[in-house]
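Biologist: I am new to this structure. Could you show me how to read its pockets?

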Amino acid sequence: MSHTLFIADLHLCEEEPAITAGFLAFLRRDARQADALYILGDLFEAWIGDDDPNPLHAKVAAALDELRLAGVPCYFIHGNRDFLLGQRFAKSCGMRLLPEAQRLELYGRPLLIMHGDTLCTDDEGYQRFRRKVHQRWLQKLFLSLPLSLRQRIAQKMRAGSKQANSSKTMAIMDVNNEAVTYTMSRYQVQCLIHGHTHRPAVHTLTVNGLPAERVVLGAWHTEGSMIRVTSSGTELIAFPL
Ligand code: LP5
Ligand code: MN
C-alpha cells in the first residue's frame with residue numbers, strides 16, 4: 001500500500017552506535033518501500049556546522065543518498081539540536097530542506113509537519129534562547145569560529161540545557177494547546193505530525209469545529225519510532241532497533 005514515513009529525534013552521535021545501526025537498517029528496509037521519507041528534526045545530537053569532519057555524518061549522508069538513488073525522496077525540517085544543518089550537508093544526503101512548518105497534501109488529505117519546539121510556548125526560557133540562536137548574524141559568527149571552540153560552546157549549551165530542564169515541569173516542556181489549535185487552524189489542517197517532546201501519542205482534538213488529530217513521534221532510544229501515513233490515515237509505530 002502506498003505510504004509516506006515520518007521520523008524525528010534520533011539524536012545520532014558516536015556514543016550511541018546501536019541507534020545509528022538501527023537507522024541505517026531502517027533506511028535499507030522500511031524507508032525503501034515508502035513514497036517519501038520526512039525527517040522532522042533532531043536527526044543529530046548536536047550540529048555545529050557542515051564542515052564538521054565527524055565520520056558518522058559522512059556515513060549517514062551516504063546512506064540517505066542511497067535511498068534517494070533508490071527513488072525515495074527525503075525531506076528535512078530542522079530541530080533544536082541541528083538547526084545549523086545547511087545546504088551543503090543536505091545536498092550530500094540528497095535531501096531537501098523544508099521550512100519550520102510545512103503543509104503537505106498526502107493521499108488527498110492535508111497535514112502539517114513541524115519539529116514541535118515552536119509549539120512549546122509555555123517554555124519562555126527556551127523560546128528566548130531559540131530567538132537568540134536563530135539570529136542569522138550570530139549563526140554566521142558561530143560558524144566562523146574554529147571547530148574546537150564550536151564544540152566547546154555546544155557542550156556548554158547542552159549542559160546548560162540539561163540543568164535548565166531539570167527544574168522545569170513536564171507541563172512546561174510540552175506543547176501549548178492553544179498554540180496547537182491556532183497553528184492547525186492557520187494552516188487549515190485537521191492533522192499535525194511533530195516530534196521534540198519525546199512523548200509518542202495520538203491526541204484527538206477539535207480544530208475549527210471539526211475532529212482533528214495530533215500525532216507525536218517518539219525519540220529513538222531503545223526502540224525506533226515512525227509514523228506511517230496512507231490513504232486510510234496515520235499510524236504511530238514503535239519498532240525494535
Ligand atoms: O535539547 P534538550 O532536549 O536538552 O532541551 C531542549 C531545549 N534546549 C535546547 C538547547 C540545545 O540542547 C543546545 C543544542 C546545541 C546545538 C549546537 C550549537 C549551536 C550553537 C549556535 C549558536 C548560534 O534547545 C530546552 C527545552 C527542552 O528542549 C524542552 O522543550 O526546555 O531549552 C532550554 O534548556 C533553554 C534554557 O531554558 C536556557 C538555555 C541554556 C543554555 C545555556 C547557554 C550557555 C552557553 C554558553 C556559551 C558561551
Ligand atoms: Mn527537539
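Modeller: We will go through two pockets, one after the other. Keep in mind that this is a predicted model.

Biologist: How much space lies in the largest pocket?

Modeller: Start with volume. Here the largest pocket holds about 1,000 Å³ of space.

Biologist: Which residues lie nearest its centre?

Modeller: Look at the lining next. The largest pocket has 37 lining residues, and those nearest its centre are Asn80, Arg81, Phe129, Arg158 and Ser161. Helices H4 (124-133), H5 (136-143) and H6 (147-166) each give two or more residues to this lining.

Biologist: Which element gives the most to the lining of the largest pocket?

Modeller: That is H6, with nine residues.

Biologist: How do the residues of that lining divide into nonpolar, polar and charged?

Modeller: Sort them by class. The largest pocket is lined by 19 nonpolar, ten polar and eight charged residues.

Biologist: What volume has the second largest pocket?

Modeller: Its volume is about 390 Å³. The lining of this second largest pocket counts 17 residues, with Cys13, Glu15, Glu45, Ala46 and Gln151 closest to the centre.

Biologist: Which helices each supply at least two residues of that lining?

Modeller: Helix H2 (55-69) and H6 do so for the second largest pocket. H6 has the largest share of this lining, at five residues.

Biologist: And how many residues of each class has the lining of the second largest pocket?

Modeller: Seven are nonpolar, four polar and six charged. Now find H6 in the view: H6 lines the largest pocket and also the second largest pocket.

Technical notes: Residues are numbered from 1 along each chain as its sequence is written. Chains are lettered from A and ligands numbered from 1 in the order in which they are written. This is a predicted model: local features need pLDDT of at least 70, side-chain atom pairs count only at pLDDT 80 or more; totals for chains, interfaces and linings use all residues. Side-chain values use heavy atoms; hydrogens and water are left out. On a 1 Å grid over the protein atoms alone, a cavity is a set of points where a 1.4 Å probe fits but cannot get out, and a pocket is an open set with protein on both sides within 12 Å along at least five of seven lines; lining residues have an atom within 4 Å of a point. Grid points are joined across faces, edges and corners, and a volume is the space filled by probe spheres set on the points. Helices (H or I, at least four residues) and strands (E, at least two) are DSSP runs, numbered from the N terminus. Ala, Val, Leu, Ile, Met, Phe, Trp, Tyr, Cys and Pro count as nonpolar, Asp, Glu, Lys and Arg as charged, and the others, Gly among them, as polar.
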